[in-house]
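Me: I've got a fold open on my screen and I'd like to talk it through before I head back to the bench. Can you take my questions one at a time?

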Amino acid sequence: QVQLAESGGGLVQAGGSLRLSCAASGRSAVMGWFRQAPGKERSFVALITRIGSAVYADSVRGRFTISNDNAKNTVYLQMNSLKPEDTAVYSCARQGAAGTWDAWGQGTQVTVSS
């Protein structure tokens with residue numbers, strides 16, 4: 001079972017930037033970021049394939065950038081122009097062979113103040 005560990009969350013003012021990291025214990029073909037705001041369901045943020053193809057949610061496209069370092073089995077989420085509505089717990093996940101998200105990190109809190 002692949003284990004995932006996120007880091008890089010914190011408190012930032014609106015308009016600021018944060019970079020999240022997710023280190024995996026093994027190789028994964030597809031990695032993704034999700035977020036869950038208080039009182040809301042978890043939602044998709046972005047995903048990236050091992051060869052670097054990326055998909056973004058409409059709410060973050062143009063502001064967030066997902067990238068990976070295959071040598072380190074690490075995925076990053078660069079978040080720019082942050083808004084208070086980006087406040088959430090951000091979790092990374094691995095997509096397994098069946099196409100489901102079958103491994104999750106513990107999550108990291110991102111808080112954007114207005």
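Reply: Sure. Keep in mind that this is a predicted model. A handy way in is the pairing of β9 with strand β10 (residues 101-104), which is antiparallel and runs over three bridges.

Me: Which residue in the turn between β9 and β10 has a positive phi?

Reply: The two strands make a hairpin, with five residues between them. On the strand side, Gln 95 stands opposite Trp 101 in β10. In the turn, the phi is about 85° and belongs to Gly 99.

Me: What does β9 pair with over seven bridges?

Reply: We can go through the other partners of β9. Strand β11 (residues 108-113) pairs with β9 in the antiparallel sense, but over three bridges, and there Val 89 stands opposite Gln 109. In another pairing, Phe 34 has Ser 91 of β9 as its bridge partner. The strand joined to β9 by seven bridges, again antiparallel, is β4 (residues 30-36).

Me: Is β9 largely enclosed or open, and how many of its residues are buried?

Reply: Buried here means under 20% relative accessible area. β9 has eight residues, and it is largely enclosed by the rest of the structure because the number of them that are buried is six.

Me: How many residues apart are the two cysteines of the disulfide?

Reply: The structure holds one disulfide, formed by Cys 22 and Cys 92. Cys 22 sits in strand β3 (residues 18-24) and Cys 92 in strand β9 (residues 88-95), so the pair links distant parts of the chain, 70 residues apart.

Me: Is that disulfide right-handed or left-handed?

Reply: The sulfur atoms of Cys 22 and Cys 92 are 2.0 Å apart, and both residues are buried. The torsion about their S-S bond is about 60°, so the disulfide is right-handed.

Me: Let's move to the sheet with β3 in it. Which strands are its edges?

Reply: This open sheet has four strands in the order β1-β3-β8-β7, with antiparallel pairing. Inside that order, β3 and β8 pair over six bridges, and one matched pair is Leu 18 with Met 79 in β8. Ignoring direction, neighbouring strands are turned against each other by 15° on average. The strands that pair on one side only, and are therefore the edges, are β1 (4-7) and β7.

Me: Now for the empty spaces. Which residues are closest to the centre of the largest cavity?

Reply: The count of cavities of 30 Å³ or more comes to one, and the largest cavity has a volume of about 100 Å³. Its lining has 14 residues, and those closest to the centre are Ser 28, Met 31, Arg 50, Asn 70 and Val 75.

Me: How many charged residues are in the lining of that largest cavity?

Reply: Strands β5 (43-49), β7 (64-69) and β8 (74-79) each supply at least two residues of the lining. Sorted by type, the lining of the largest cavity has five nonpolar residues and seven polar ones, and the number of charged residues is two.

Me: And how many charged residues line the largest pocket?

Reply: The largest pocket has a volume of about 160 Å³. Its lining consists of Arg 35, Gln 36, Ala 37, Lys 40, Glu 41, Ser 43, Glu 85 and Thr 87. One of these is nonpolar and three are polar, and the number that are charged is four.

Terms used:
Residues are numbered from 1 along each chain as its sequence is written. This is a predicted model: local features need pLDDT of at least 70, side-chain atom pairs count only at pLDDT 80 or more; totals for chains, interfaces and linings use all residues. Side-chain values use heavy atoms; hydrogens and water are left out. On a 1 Å grid over the protein atoms alone, a cavity is a set of points where a 1.4 Å probe fits but cannot get out, and a pocket is an open set with protein on both sides within 12 Å along at least five of seven lines; lining residues have an atom within 4 Å of a point. Grid points are joined across faces, edges and corners, and a volume is the space filled by probe spheres set on the points. Ala, Val, Leu, Ile, Met, Phe, Trp, Tyr, Cys and Pro count as nonpolar, Asp, Glu, Lys and Arg as charged, and the others, Gly among them, as polar. A disulfide is a pair of cysteine sulfur atoms within 2.5 Å. Buried means under 20% relative accessible area, exposed over 50%, partly exposed in between (1.4 Å probe, protein chains only). Two strands pair if DSSP finds at least two bridges between them. Axes are lines fitted to C-alpha atoms, for helices over the stretch in contact, and angles run from 0 to 180 degrees between N-to-C directions.
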